[in-house]
Amino acid sequence: MSADDLGNATTRLKALQEIDEEVHRTEAAKNALESYIYSSRETLESNEFVQKVSAEDARSDIRSQLADAEDWLYDDGFNAS
């Protein structure tokens, strides 16, 4: 393998590694968002303290926002970077 070929291969390998790292960061961020949505929804429904200190209208609004975020994640956010 010539020096030019080796340099080109190294450059391509670095570019592919950067793409792979970006994919992993994006997937980690999406997983964190999904976990946050499920955790928040569970807290709204089962935490007695939250039930006592918040109004149903506020909880309903938060549920709606969580549903919007979840819809985005599975639709538009599926291909987001």
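Lys30 is found in helix H1, and this is a predicted model, so read every distance below as a computed value from that prediction. Lys30 is buried yet has no salt bridge. Which side chain of opposite charge is nearest to Lys30? That would be Glu27, 4.1 Å away, and since a salt bridge needs a side-chain nitrogen within 4 Å of a carboxyl oxygen, the pair doesn't make the list.

What does the side chain of Lys30 reach instead? A polar atom of this side chain lies 2.6 Å from the backbone oxygen of Phe78. The Lys30 side chain also reaches the backbone oxygen of Ala80, at 3.4 Å.

Staying on helix H1, Arg25 is found there too. With a relative accessibility of 48%, Arg25 counts as partly exposed. Arg25 and Ser81 sit 56 residues apart in sequence, while their C-alpha atoms are 8.9 Å apart in space.

Thr26 belongs to helix H1 as well, which covers residues 3-46. Is Thr26 buried or exposed? Buried: the relative accessible area is 12%, and the cut-off for that label is under 20%. A polar atom of the Thr26 side chain lies 2.9 Å from the backbone oxygen of Glu22.

Now for the charged pairs. Side chains of opposite charge can pair when their charged atoms come close. The count here comes to 5 salt bridges. Three of the pairs are set out here, with N to O distances.

| Positive residue | Negative residue | N to O distance |
|---|---|---|
| Arg41 | Glu70 | 3.0 Å |
| Arg63 | Glu45 | 2.5 Å |
| Arg63 | Glu56 | 3.1 Å |

Take the pair of Arg41 and Glu70, whose side chains meet at 3.0 Å. Arg41 lies in helix H1 and Glu70 in helix H3, so this salt bridge ties together parts that are 29 residues apart in sequence. How covered are the two partners? Arg41 is partly exposed, with a relative accessible area of 24%, whereas Glu70 counts as buried at 16% relative accessibility.

Next, Glu45 and Arg63 meet in a salt bridge at 2.5 Å. This pair also links distant parts of the chain: Glu45 is in helix H1 and Arg63 in helix H3, 18 residues apart. Glu45 counts as partly exposed at 45% relative accessibility, and Arg63 gets the partly exposed label at 24%.

Arg63 has another partner, Glu56, with a salt bridge of 3.1 Å. Glu56, at 41% relative accessibility, is partly exposed. Which residues are linked with Arg63 in a network of salt bridges? Glu45, Glu56 and Arg59 join Arg63 in that network.

Finally, over to charges of like sign. Asp68, Asp71, Asp75 and Asp76 form a negative surface patch. Asp71 is found in helix H3, which spans residues 56-74. At 43% relative accessibility, Asp71 counts as partly exposed. Why can Asp71 be part of a patch at that value? Patch residues need over 30% relative accessible area and no salt bridge, so the 43% of Asp71 is on the right side of the area cut-off.

Terms used. Residues are numbered from 1 along each chain as its sequence is written. This is a predicted model: local features need pLDDT of at least 70, side-chain atom pairs count only at pLDDT 80 or more; totals for chains, interfaces and linings use all residues. Side-chain values use heavy atoms; hydrogens and water are left out. Patches are made of residues with over 30% relative accessible area and no salt bridge: like charges are joined within 9 Å, nonpolar side chains (Val, Leu, Ile, Met, Phe, Trp, Tyr) within 5 Å. Accessible areas come from the Shrake-Rupley method with a 1.4 Å probe; for residues, only the protein chains shown count as cover. Lys and Arg count as positive and Asp and Glu as negative; His and the chain ends are not counted. The place of a charge is taken as NZ of Lys, CZ of Arg, CG of Asp or CD of Glu. Helices (H or I, at least four residues) and strands (E, at least two) are DSSP runs, numbered from the N terminus. Buried means under 20% relative accessible area, exposed over 50%, partly exposed in between (1.4 Å probe, protein chains only). A polar contact is a pair of N or O atoms within 3.5 Å; within protein, one must be able to donate a hydrogen and the other to accept it, and residues adjacent in sequence count only if both atoms are side-chain atoms.
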